[in-house]
Amino acid sequence: MNRRQIGSEKEALACQYLEDKGYRIVATNYRCRTAEIDIVAYDGDALVFVEVKYRKTAACGESSYAVDLKKIRNISRCARYYIYKEGVWPDTPMRFDVVAIDGERVLHVENAFEAV
């Protein structure tokens with residue numbers, strides 16, 4: 001499998017994991033001009049923007065550490081675009097989560113970072 005196929009497979013795994021936890025998925029691979037948000041979902045009333053990270057092994061570090069400041073800026077910008085385009089109410093609670101997949105282990109970090 002190529003990298004895109006593996007990424008799609010792991011994003012589908014993350015969607016299933018979140019749905020099993022009661023999340024309602026509203027978009028996947030949401031793109032704006034400069035970035036992409038892997039999963040947009042609702043956890044109750046909260047709108048959640050989810051970044052999915054995968055590492056086959058921990059040899060290069062755990063996947064949860066792969067979300068750097070540049071990535072956070074891009075995700076934040078794309079989230080603002082989503083909010084604007086979809087007409088999300090300003091008082092809607094929102095957060096940014098990371099689903100880190102290391103081999104077969106899935107780690108869900110709620111409220112992993114703040115928008116910048």
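## Confidence

This is a predicted model, and the protein chain averages a pLDDT of 89, with 91% of the residues scoring at least 70. Going element by element, strand E2 comes out highest at 97, while helix H1 (residues 3-20) is lowest at a mean of 88.

## Overall layout

The protein chain has 2 helices and 5 strands. Read from the N terminus, they run α-β-β-β-α-β-β.

On overall dimensions, the C-alpha atoms fill a box of roughly 40 × 30 × 25 Å along the principal axes. The radius of gyration is 14 Å, which agrees with the value near 13 Å for a compact globule of 116 residues. Buried residues make up 41% of the 116. If you only look at contacts with a separation of 6 or more, 54% of them link residues 24 or more positions apart. The chain exposes about 7,100 Å², and carbon and sulfur atoms supply 49% of that.

## Two nonpolar cores

The largest nonpolar core has 20 residues, and Ile-37, Val-40, Leu-47, Phe-49, Tyr-82 and Phe-113 have the most contacts inside it. At least two residues each come from strands E1 (24-31), E2 (36-43), E3 (46-55) and E4 (94-102), and from helix H2 (69-86). H2 supplies the largest share, with 5 residues. There's also a second, separate core of 11 residues, including Ala-41, Val-50, Val-52 and Ile-101.

Ile-37 is a handy place to start browsing. Leaving out residues up to four places away in sequence, Ile-37 touches Thr-28, Asn-29, Tyr-30, Phe-49, Val-50, Ile-75, Cys-78 and Ala-79.

## A buried glutamate

Glu-51 lies in strand E3. Is this residue buried or exposed? Its relative accessibility is just 3%, so Glu-51 counts as buried.

What does Glu-51 touch, not counting residues up to four places away in sequence? Its contacts include Glu-36, Asp-38 and Asp-97, along with Lys-71. Val-67, Ile-75, Val-98 and Val-99 are also among its contacts.

## Cysteines without a disulfide

The disulfide count comes to 0. Cys-15 is buried, with a relative accessible area of 11%. Its sulfur is 15 Å from the closest cysteine sulfur, in Cys-78, so that pair is too far for a bond.

Cys-32 is another matter to look at in the viewer. The nearest cysteine sulfur, again that of Cys-78, is 3.1 Å away, and Cys-32 is in no disulfide. Why does that pair not count? The cut-off is a sulfur pair within 2.5 Å, so 3.1 Å does not qualify. Cys-32 counts as buried too, at 16% relative accessibility.

Methods:
Residues numbered from 1 in each chain as written. Predicted model: local features only at pLDDT ≥ 70, side-chain atom pairs only at ≥ 80, totals over all residues. Heavy atoms only, no water. Core = buried A, V, L, I, M, F, W, Y, C linked by side-chain atoms within 4.5 Å. Buried < 20%, exposed > 50% of the residue type's maximum accessible area, 1.4 Å probe, protein only. Helix = DSSP H or I, 4+ residues; strand = E, 2+ residues; numbered from the N terminus. Contact = heavy atoms within 4.5 Å. pLDDT = per-residue confidence, 0-100. Rg over C-alpha atoms; globule rule 2.2 N^0.38 Å. Areas by Shrake-Rupley, 256 points an atom, 1.4 Å probe, with all protein chains shown as cover.
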